[in-house]
Amino acid sequence: MGSGIKDWPENERPREKLLRLGPGALSEAELLALILGSGDAASNRSALDLGRALLTEFGALRRLADASCSELQRVKGIGLAKATSIKAALELSNRCKARPLESLTSYTSPLQVFEHLDYEFRDRRKEYFMALLLDGKNRIIRRAQISEGSLNQSLVHPREVFNVAVRESAAALILLHNHPTGDPTPSPEDLEVTRRLCEAGELMGIKVLDHIIIGDGSFYSFTERGIM
């Protein structure tokens with residue numbers, strides 16, 4: 001159809017369709033077209049063509065959201081401005097779904113933590129290990145990133161975890177990391193790191209309440225499974 005959506009019949013234009021029927025009536029390609037705003041004159045592609053090309057290239061919105069700007073720009077017709085617009089729109093979506101952990105009055109269950117962090121971690125390609133720091137009333141003071149990369153004893157050392165806990169005067173902490181594979185089942189390394197950190201916590205007088213692993217739409221709690 002070319003790059004001029006304004007020349008299409010009015011009932012086929014994404015913007016007019018959204019106004020008439022609501023955003024739920026639009027396809028993913030049409031929603032992307034609205035984010036892109038315009039097509040690419042050089043390749044004679046409309047914004048909708050570009051939206052379809054992006055979905056074809058990445059397969060699904062979740063993979064699109066995880067792509068870098070440089071990866072997005074590999075799609076013909078997607079320049080830096082369009083790539084950054086896509087990243088900004090998808091990040092806003094993630095932030096709408098995520099609720100700040102610090103808004104919790106107190107920690108009550110691993111499900112509570114999972115619901116707050118699922119959207120933030122479910123599509124990450126690397127493992128991120130974090131400590132959630134709690135005060136004496138089980139309120140989450142803040143979270144601290146300890147390491148980035150595959151979990152092992154060299155990356156997650158008790159010194160790194162408990163230094164930040166002591167600085168924040170934390171009474172307890174919750175260990176947390178994600179599995180990019182989507183399967184939250186703990187590995188032998190996960191089990192060993194957890195054991196060492198629990199032992200260190202006993203010596204430091206800072207209780208480790210749980211270790212939560214976030215997967216794709218699911219989680220694993222060491223406490224719920226009776227491992228801790």
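Start with the whole chain in view and think about contacts. Among contacts between residues at least 6 apart in sequence, 58% join residues at least 24 apart. Keep in mind that this is a predicted model. Now colour by secondary structure: you should find nine helices and five strands. Walking from the N terminus, the order of elements is α-α-α-α-α-α-α-β-β-α-β-α-β-β. If you switch to colouring by burial, 43% of the 228 residues count as buried.

**Stop 1: α1 against α2**

Select residues 14–21, which is helix α1, and then residues 28–36, which is helix α2. What angle do α1 and α2 make where they pack? It is about 115°, and the axes are 9 Å apart. That makes α1 roughly perpendicular to α2. The crossing of α1 past α2 is left-handed.

Show side chains here. From α1, pick Pro14, Arg15, Lys17 and Leu18; they meet Glu30, Ala33 and Leu34 of α2. Sorted by type, the residues of this contact are four nonpolar, no polar and three charged.

**Stop 2: α2 against α3**

Keep α2 selected and add helix α3, residues 47–58. The axes of α2 and α3 come within 8 Å and cross at roughly 120°. That angle makes α2 oblique to α3. Which hand does the crossing of α2 and α3 have? This crossing is right-handed.

On the α2 side, the residues to light up are Glu28, Ala29, Glu30, Leu32, Ala33 and Leu36. On the α3 side, go for Ala47, Leu48, Leu50, Gly51, Arg52, Leu54 and Leu55. Together, the residues of this contact come to nine nonpolar, one polar and three charged. You have already met two of the α2 residues: Glu30 and Ala33 also take part in the contact with α1.

**Stop 3: α7 and the strands**

Jump to residues 110–121, helix α7. Which residues of α7 are buried? Select Pro110, Gln112, Val113, Phe114, His116, Leu117, Asp118 and Phe121. Now turn on the strands, and you can follow what those buried residues pack against: β1, β2, β3, β4 and β5. To find the last two, select 207–214 for β4 and 219–221 for β5.

Zoom in on Leu117, which sits in α7. Leu117 is buried, with a relative accessible area of 2%. Try the distance tool between the C-alpha atoms of Leu117 and Leu176: they are separated by 10.0 Å, although the two residues are 59 apart along the chain. Leu176 falls within the range of β3, residues 172–178.

**Stop 4: two loop residues with positive phi**

Before you select anything, a bit of background: most residues other than glycine have a negative phi. Now go to Asn138, in the loop between β1 (128–134) and β2 (140–148). Its phi is near 65°, a positive value in a residue other than glycine. Is Asn138 buried, partly exposed or exposed? At a relative accessible area of 29%, Asn138 is partly exposed.

Next, pick Ser169, in the loop between α8 and β3. Ser169 also has a positive phi, near 55°. With 61% relative accessibility, Ser169 counts as exposed.

**Stop 5: α8 against α9**

From Ser169, step back to helix α8, residues 158–167, and add helix α9, residues 188–204. Their axes come within 10 Å and cross at roughly 40°. That makes α8 oblique to α9. The crossing of α8 past α9 is right-handed.

For the side chains, choose Pro158, Val161, Phe162 and Val166 in α8; these meet Arg196, Leu197, Ala200, Gly201 and Met204 in α9. The residues of the α8 and α9 contact split into seven nonpolar, one polar and one charged.

**Stop 6: a pair of rings**

How many aromatic pairs does the count give? It comes to two. For a look at a pair, select Tyr220 and Phe222: their ring centres are 5.6 Å apart and their planes are at 80°, so this pair is edge-to-face. Check burial before you leave: both Tyr220 and Phe222 are buried. Tyr220 falls in the range of β5, residues 219–221, one of the strands that the buried residues of α7 pack against.

Definitions and conventions
Residues numbered from 1 in each chain as written. Predicted model: local features only at pLDDT ≥ 70, side-chain atom pairs only at ≥ 80, totals over all residues. Heavy atoms only, no water. Axes fitted to C-alpha atoms, helices over the stretch in contact; angles between N-to-C directions. Helix = DSSP H or I, 4+ residues; strand = E, 2+ residues; numbered from the N terminus. Parallel < 35°, antiparallel > 145°, perpendicular 65-115°, else oblique. Left-handed = near helix turned anticlockwise from the far one by under 90°. Contact = heavy atoms within 4.5 Å. Nonpolar A, V, L, I, M, F, W, Y, C, P; charged D, E, K, R; others polar. Phe/Tyr/Trp six-rings, centres within 6.5 Å; stacked < 30°, edge-to-face > 60°. Buried < 20%, exposed > 50% of the residue type's maximum accessible area, 1.4 Å probe, protein only.
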